[in-house]
Structure formats: C-alpha cells, structure tokens
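User: I'm new to reading protein models. Could you help me see how the labels are decided?

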Amino acid sequence: MPSHFSSAVLLATLLPVAASAATVHLVAGGGSAAEGPARDCKLTWPFAAIGDRAGNLVICEMTGNRVLRVTPDGTLSVVAGTGAKGAVDGPGRAASFDGPHMVAVHPVSGDIFVADTWNSSVRRIDAATGVVSRFAGSGAKGFSGDGGPAVQAAFNEVYCVGFDLGAKSLSVVDLGNHRMRSIDLASGLVRSVAAKADPALPVIAQPRAACIDAAGNLWVVSRGKGGPLQRIAADGTVTTVLSATASAGAKPLNGPKHLWADRDGNVLIVDTNNHLIRRWLVNEQKLVDVVGCGRKGKAGVGGDALAVELNEPHGVWQAPDGSLYVADSHNDRVLRVGP
C-alpha cells in the first residue's frame, strides 16, 4: 500500500481545527529580508510548509528554488538552494533546485526529501551535514527502472513526496507518468503502486497529491477542474468520492494541489483555484470549507479563518496541537490557523 504523505502522524494525535474558533496568523513572508525574523523575510511562491520533530517549520519555494527553516522562536534561515535554477549537489547553500513543489522530513533522521519537480528527481538534504544529494531519478524525463535502484530510474516531473506510517518507504507522485511510485528506504528500490493506465495496478486519474488515512485508505487527488478525489482501499478497490459532477452539493474542486489526512479519517484538501482549504468529512460524506472565504486576495490576517483571503494556496500541514499551516503561495506567505 502506498504511503502517507506526512511524518507528523508519528509525532502526536492530530486534532481537527474548529474553523469557527480559529484565527489566522502570519508565520513567514511579508518583508524583504533574506534571513532573520520570519515575518520580516521575503518568500517567493512557497508551495509547502511542513513541520519536523524539533518544532521547526520546513518551507520550499517553487520559483524561489530554496528550502528554508523557521525555528520555534520565529527565525528563518536558508537550508539549501542558491535561489537559481539548477541541479547541483553538494553543501546546501551551494546546491540548486528547479521548481521544488513539496518536501517531506524523515521523522527519525531529520533528513529532508525534496520533490525537485522540473529536474524529475527526489533530492535529499542530510540533516547532519546539510549536503544535498540525488536520492531518486536519473534526472532525465521518462519512465523506467521499476524493480531497480530508484537513483537510476526515470521519473517525469515529481510533484509530491512523503513517508509511510512507519517511515520505511518514500512515496512519490510521478505526475508526468500518471502514476504513484514507492521507494524502499532500506534497499533503495522503486516500484509503481497505482497508475492511470496499467491493468496490473489500481487505476487513478492524473495524480497531483496523495495521503493515507489511519484506516489505511489511500487518497489521491487530480489537479484538473473538478478534482477528482479518489479513495483506494487496502484491497485495491477504487472509489471516486468527489468530482465535477459529484461534489456532495458543494462547490466542485478546482485545481486541487495537496492533501492531508486527519487522524480521525477526514481529508484536508488544498483547493488551489478556489482559494480555499477544505475538509472532506468521510462519515458525513460532506465537503466543508475550513480556511478562506473563496475570494482571491490578501486581506484578513488576524481575523477569522473563514474570512481570510488566499491567493492560490498549494500546501497544508496540521501540527500536533491541531493548528493548520497554509502555504499561501501567490501571496508569498505562510499562515497559521488556530487559537
């Protein structure tokens, strides 16, 4: 079974946020500094904001081509990336990326795995040394290598990465190949676990992001208009729960870009082109808004979660205390939604 796209489930029980009692706070972005107090720093299209065990927040910038860290005291620093496009390995601040879309932080080692999208690779930042190296992908677009070493395999635009519940494998959304792949961390071998057009695998649409819930269901969302949001059960049965024509009476998804599974089995959805963070309530079969008013803009920080304006968000993470962290991408900021 493919893996959960988060290490946070290993940290603590995650509690859903009650949107009506939640306030929006600025975490990072809004200034011009390169490093220092996070709210005084400049971000360039942050696409992910994921926490680690030490309480830091790890951010990747898609067009900024950097990986950043915000410490619990609110200080931002550069972990890796010069800011220029490239595929250079080595010491973090001398390394380069090309359009990173997502990060995953190993819950034990602290290593950071980067979905280096336009390089069609997964890069690893060693927590102890800060050195960047290629973990998966030959660097050339294509499809090859299942059953062999991931570092020699060909991927086609890696969009999302994450660990399974035991952090023994890394899952990869290989969007250009319309499939999900899994890399065993011990052996380094890669295999496909779901695909759009492979009769030997569970059939999915055009995967953009995925997560696994506490019951072992795999959730996959496609980035096109209308979703769809699909659930793959442990036995491989695929169910489309949301689509353009089946939206549970709510506004259909429009270009969703990220998923997060609550420990209670509900699914958070970053509904990018609707400028919303939404929650699919599994038992109620209901889609509800939890962050955003649905209007593109920048106003509302300091106020209620359902009144804030967002601008094409791309990432959401739920912290151990239940707060939500939102990568409000085109507003060049990261927000926290909670008490």
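User: Why is Arg-93 called partly exposed?
Analyst: In this predicted model, Arg-93 has a relative accessible area of 49%. Buried means under 20% and exposed means over 50%, so 49% falls in between and Arg-93 counts as partly exposed.

User: What makes the contact of Glu-35 with Arg-93 a salt bridge?
Analyst: The closest N and O atoms of Glu-35 and Arg-93 are 2.6 Å apart. The cut-off is within 4 Å, for a side-chain nitrogen of Lys or Arg and a carboxyl oxygen of Asp or Glu, so this pair qualifies. Glu-35 sits in the loop between strand 1 and strand 2, and Arg-93 in the loop between strand 7 and strand 8, so the bridge ties together parts that are 58 residues apart in sequence.

User: How do you know whether Asp-116 is buried or exposed?
Analyst: Its relative accessibility is 0%. Buried means under 20%, so Asp-116 counts as buried. Arg-123, with 2%, is buried by that rule too. These two residues form a salt bridge, with their closest N and O atoms 2.7 Å apart, and a network of salt bridges links them with Asp-89.

User: Why do Arg-278 and Asp-289 get separate labels for burial?
Analyst: Arg-278 has 2% relative accessibility, under the 20% cut-off, so Arg-278 is buried. Asp-289 has 34%, between 20% and 50%, so Asp-289 is partly exposed. Their side chains still meet in a salt bridge, at 2.9 Å from N to O.

Note on methods. Residues numbered from 1 in each chain as written. Predicted model: local features only at pLDDT ≥ 70, side-chain atom pairs only at ≥ 80, totals over all residues. Heavy atoms only, no water. Helix = DSSP H or I, 4+ residues; strand = E, 2+ residues; numbered from the N terminus. Buried < 20%, exposed > 50% of the residue type's maximum accessible area, 1.4 Å probe, protein only.
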